[in-house]
Amino acid sequence: MNRQEDTIVAVATPSGRGGVAIVRVSGVLALQIALQITQKNHVSPRVAQYASFYTPTNDVIDQGLLLYFQSPHSFTGEDVVEIHGHGSPIIVQQLIQLSVHYGARLANPGEFSERAFLNNKIDLTQAEAIADLIQASSETAARLAMRSLQGEFSKKIHDLDERVINLRLHVEAAIDFPEEEIDFLSDGSVAKKLQQIIDELTLILNSANQGSIIREGLTVVIAGRPNAGKSTLINALSGREVAIVTDIAGTTRDVMRESILLDDIPLHVVDTAGLRQSNDPIEQEGIRRAWQEVRGADCVLMVMDANESEQPTELETEIRLQLPANVHVIHIVNKIDTQGLLPATEASRVYLSAKTGEGLDLLKQKIKDAVGYQSLGGQFLARKRHILSLKKAYDLLTTGQDQLLIHRAGELLADDLLRAHHALGEITGTFTSDDLLGKIFSSFCIGK
Ligand SMILES: Nc1nc2c(ncn2[C@@H]2O[C@H](COP(=O)(O)OP(=O)(O)OP(=O)(O)O)[C@@H](O)[C@H]2O)c(=O)[nH]1
Ligand SMILES: [Mg+2]
């Protein structure tokens, strides 16, 4: 049997106890299952009906509401029924068992959304936006997910894609008339249109980058010599005593993690063991882990003690060498309170006191600047997947531009345009492999 011909069932509300729990059934058997459970002969679509829920042996297990959404006017596009019972895990379990008894099977993670996608109710970015809306960690994240869900991101991609297709038709037409091709390609209008497409794509890519920062957050790793004040800094940033602070060098051995919101950016702050030569096997292991964290950072906060006459420039170099060029290192001169210095910021350096909190705001701003975050820059929540496809399209279009401007090679340009069209189609799901679809939907929760 075709997988999509199965009728599926899952609980749609969170697990645990509550006022109401909703069990959702989707597929050809949905209505029949609902009628059997409620012992009714008829339910009208979109009208909430009060009903008792019966076992096959006529015991009433609960009373609640029944809602029927007739295909294609439902979330999945199939017949869908929602059974609203009391919020007890026992009742939920029984309602699911009854549905299975009458012919449904348990839904896989994300299978409702997957069906909505396969039945063209939503495209891929919208399906992802549902998951993102549910997962949103800030109001901004929720607002941006909602915009994607309403199709704003898809529309931008579609509009751009349409321009790519049109330009390609244009170029192909020219290739079909070789004697005019060169003139046609040199008259400037193709180059101009291509440039406009690249400009628009650059804007979308910027916006998607911002959206991705809001969605995924940034991993910020605090590193430096022992006693520089790293643990004091993670405590100051998170506003609670996450890590032990003492004046003994080598206090922190384990990796400490704390997630905080910096405006709308989820910051995953990591405190690490002080970096130095050590003979203590426990500390050695801590230092090994510290280096491992540094290598996985989006941004490193390299903390130095303002009292150290000799700043650890060697360590700075060592850290820089471990990192890809696009990872930012912010140098923090800590303990300015002991020197009577004022908080300040210069180039990639911030002077602050983790203990008194002076200069923390400057550091937060520095982190945002370092990753190029503008508070109003994001228009939609983007995933790494979207950004990769956008970048692919960008590379193809700029290669195509070279083909045109340098080599006057219309055929090669047409080919790059076609491939850019495919890259854009991956975002909305027009051209997506089954593998990728499986990967995306299986990361959703059951019931979505
Ligand atoms: N006056 C002052 N003291 C500070 C400041 N930051 C940290 N300290 C002190 O410096 C000492 C070491 O601080 P920690 O935060 O434990 O330093 P650390 O870098 O985590 O040290 P390890 O875990 O050993 O690597 C403690 O006594 C802190 O109170 C600061 O801004 N000003
Ligand atoms: Mg520490």
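Is Lys335 buried, partly exposed or exposed? Keep that residue in mind while you walk through this predicted model, because Lys335, which counts as partly exposed at 23% relative accessibility, comes into view at the second salt bridge of the tour.

**The sheet**

Begin by selecting the open sheet of seven strands, whose order is E8-E9-E7-E10-E11-E13-E12 and whose pairing is mixed. At its edges you will find strand E8 (256–262) and strand E12 (344–346), each of which pairs on one side only. If you look along the sheet, neighbouring strands are turned against each other by 25° on average, with direction ignored.

Next, select E8 together with strand E9 (residues 265–271): these two run antiparallel and are joined by seven bridges. To see a single pairing, pick Ser259 and then His268 in E9, which is its bridge partner.

**Helices on the sheet**

Now add helix H9 (residues 230–238), which packs on the sheet and touches strand E7 (218–224), E8, E9, strand E10 (299–305) and strand E11 (328–334). The direction of helix H9 makes about 155° with that of E9. Then show helix H10 (residues 281–295), which lies across E7, E8, E9 and E10 and runs at about 140° to E7.

**Salt bridges**

Turn on the side chains, since the structure holds 23 salt bridges, and stay for a moment on helix H10. Here Arg288 and Glu285 meet in a salt bridge with an N to O distance of 2.9 Å; both residues lie in this helix, three residues apart, or about one turn. Arg288 is partly exposed at 46% relative accessibility, and Glu285 is also partly exposed, with a relative accessible area of 28%.

Move on to Asp305 and Lys335, which form a salt bridge whose closest N and O atoms are 3.0 Å apart. Asp305 sits in strand E10 and Lys335 in the loop between E11 and E12, so this pair ties together parts that are 30 residues apart in sequence. Asp305 is buried, with a relative accessible area of 11%, whereas Lys335, as the answer to the opening question, is partly exposed at 23%.

Then select Lys392 and Glu426, whose side chains meet in a salt bridge at 3.0 Å, N to O. Lys392 belongs to helix H13 (residues 384–405) and Glu426 to helix H14 (residues 410–428), so the contact ties together parts 34 residues apart in sequence. Lys392 is partly exposed at 40% relative accessibility, and Glu426 is partly exposed at 22%.

Finish with Asp6, Glu78, Arg105, Glu111 and Arg115, which are joined into one network by salt bridges that share partners.

Definitions and conventions. Residues numbered from 1 in each chain as written. Chains lettered and ligands numbered in written order. Predicted model: local features only at pLDDT ≥ 70, side-chain atom pairs only at ≥ 80, totals over all residues. Heavy atoms only, no water. Pairing = 2+ DSSP bridges. Helix = DSSP H or I, 4+ residues; strand = E, 2+ residues; numbered from the N terminus. Axes fitted to C-alpha atoms, helices over the stretch in contact; angles between N-to-C directions. Contact = heavy atoms within 4.5 Å. Salt bridge = Lys/Arg side-chain N within 4 Å of Asp/Glu carboxyl O. Buried < 20%, exposed > 50% of the residue type's maximum accessible area, 1.4 Å probe, protein only.
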